[in-house]
Amino acid sequence: MSSKEIQVKEYTVRAHKRQIHTRVFNFVCKQCDQSTSRETYGPRPLYCETCRPPGTPKKSQVTAPAKKGKPRAKVYRSDVDFQKSS
Ligand SMILES: [Zn+2]
């Protein structure tokens, strides 16, 4: 196996229309227990549009936790007894 470096040119994708395949799921919302239907192009949704309105950013609650404390230096101890096979 040989490997080599190749140069990948930067490129941008223009705004474009794309046809996606959506389907309407009829399901019961996990939050409000109402039977509802929702059009989606992904997997079956779990929540209705009232509980989870479309277009809300997913990272509303998830904030990257700041690194706490000192970064631990990882010490790989070599006293682990690997099973010697000879
Ligand atoms: Zn709901």
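These are my notebook entries on a zinc site, one strand residue and the chain as a whole, all looked up in a predicted model.

**Entry 1, the chain as a whole.** I began with the secondary structure and found two strands and zero helices in the chain. I then looked up burial, and buried residues make up 9% of the 86 residues. The chain exposes about 9,900 Å², of which carbon and sulfur atoms supply 50%. For contacts with a separation of 6 or more, I noted that residues 24 or more positions apart account for 0% of them.

**Entry 2, the zinc ion.** Which residues are the protein donors of the zinc ion? I found Cys29, Cys32, Cys48 and Cys51, each donating through its SG atom, at 2.2 to 2.3 Å from the ion. I looked up the angles among the four donor atoms next, and they run from 102 to 116°, which makes the site tetrahedral. For comparison, I wrote down that the ideal angle for four tetrahedral donors is 109.5 degrees. Along the sequence, the donor residues follow the spacing C-x2-C-x15-C-x2-C. Cys32 sits in the loop between strand S1 (23-28) and strand S2 (35-40), whereas Cys51 belongs to the segment after S2, so this pair ties together parts that are 19 residues apart in sequence.

**Entry 3, cover over the donors.** I went through the four cysteines one at a time, using under 20% relative accessible area as the cut-off for buried. Cys29 is buried, at a relative accessible area of 1%, and Cys48 is buried too, at 5%. Cys51 also counts as buried, because its relative accessible area is 18%. Cys32, with 30% relative accessibility, is partly exposed. I also looked for disulfides, and the structure holds zero of them.

**Entry 4, Thr40.** I turned to strand S2, where Thr40 is found. Is Thr40 buried or exposed? Its relative accessible area is 14%, so I entered Thr40 as buried. A polar atom of the Thr40 side chain lies 3.1 Å from the backbone nitrogen of Gly42. When I set aside the neighbours within four places in sequence, the residues in contact with Thr40 were His21, Thr22, Arg23, Phe25 and Pro45. Of these contacts, I marked Arg23 and Phe25 for a second look, as strand S1 covers 23-28.

How values were computed
Residues numbered from 1 in each chain as written. Predicted model: local features only at pLDDT ≥ 70, side-chain atom pairs only at ≥ 80, totals over all residues. Heavy atoms only, no water. Donors = N, O, S within 2.8 Å, 3.2 Å for Na, K, Ca; no water. Tetrahedral: all angles 85-135°; square planar, octahedral: opposite > 155°, others 65-115°. Buried < 20%, exposed > 50% of the residue type's maximum accessible area, 1.4 Å probe, protein only. Polar contact = N/O pair within 3.5 Å; in protein donor to acceptor, adjacent residues only side chain to side chain. Contact = heavy atoms within 4.5 Å. Areas by Shrake-Rupley, 256 points an atom, 1.4 Å probe, with all protein chains shown as cover. Disulfide = S-S within 2.5 Å.
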